[in-house]
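Please examine the model shown below. The report that follows covers a charged side chain, the aromatic residues, the core and the overall fold.

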Amino acid sequence: MDDILKAVEKEYLKEREEFSPGDIVRVHERVSEGSKERIQIFEGIVLKRSGAGTREMVTVRKVSSGIGVEKTYPVHSPKIEAIELVRSHRTRQAKPYFLRRLRRIR
């Protein structure tokens with residue numbers, strides 16, 4: 001059964017740049033407003049990656065006007081144009097949630 005699922009999922013997987021928790025990325029998301037579409041960029045630090053295959057998710061956090069904002073994106077969604085690696089950081093934890101307690105991320 002797993003082989004059948006992997007074969008079906010394979011055609012929906014997208015080539016994405018390699019990134020890991022702790023890295024700073026820009027997520028280019030396609031947003032539709034009425035009949036118009038535009039690309040909205042969300043830049044922040046990767047807190048976690050979870051799931052596998054087409055169900056893989058990434059959580060990105062940024063501080064906007066002193067308030068922390070977190071968004072969770074499906075990595076292989078057709079609404080995501082690109083995930084661009086801005087800066088790579090080495091972390092000791094797979095899910096650096098301690099970054100939520102810090103005032104400034106950069």
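Is E29 buried or exposed, and which side chain of opposite charge is nearest? E29 is buried yet has no salt bridge, and K71, the nearest side chain of opposite charge, is 4.2 Å away. Buried means under 20% relative accessible area, with exposed over 50% and partly exposed in between (1.4 Å probe, protein chains only). A salt bridge requires a side-chain nitrogen of Lys or Arg within 4 Å of a carboxyl oxygen of Asp or Glu. Lys and Arg count as positive and Asp and Glu as negative, while His and the chain ends are not counted.

This is a predicted model, in which local features need pLDDT of at least 70 and side-chain atom pairs count only at pLDDT 80 or more, whereas totals for chains, interfaces and linings use all residues. Residues are numbered from 1 along each chain as its sequence is written, and side-chain values use heavy atoms, with hydrogens and water left out.

E29 is located in strand β1 (residues 24–33). Helices (H or I, at least four residues) and strands (E, at least two) are DSSP runs numbered from the N terminus. Beyond its neighbours within four places in sequence, E29 contacts R38, I39, Q40, K71, Y73, K79 and I80; contact means heavy atoms within 4.5 Å.

Y73 also belongs to the one aromatic pair found in the whole structure. Its partner is F42, and the pair is edge-to-face, at 6.2 Å centre to centre and 65° between the planes. Ring centres of Phe, Tyr and Trp (its six-membered ring) must lie within 6.5 Å to pair; planes under 30 degrees apart count as stacked, over 60 as edge-to-face and the rest as tilted. Because F42 lies in β2 and Y73 in β4, the pair ties together parts that are 31 residues apart in sequence.

| Residue | Strand | Relative accessibility |
|---|---|---|
| F42 | β2 (residues 36–50) | 5%, buried |
| Y73 | β4 (residues 67–74) | 4%, buried |

Both rings are in the largest nonpolar core, which has eleven residues, including F19, V46 and I80. Such a core is a set of buried Ala, Val, Leu, Ile, Met, Phe, Trp, Tyr and Cys residues joined through side-chain atoms within 4.5 Å. At least two residues of this core come from each of β1, β2, β3 (57–64) and β5 (80–87).

The protein chain has one helix and five strands, in the order α-β-β-β-β-β from the N terminus. Of its 106 residues, 28% are buried.
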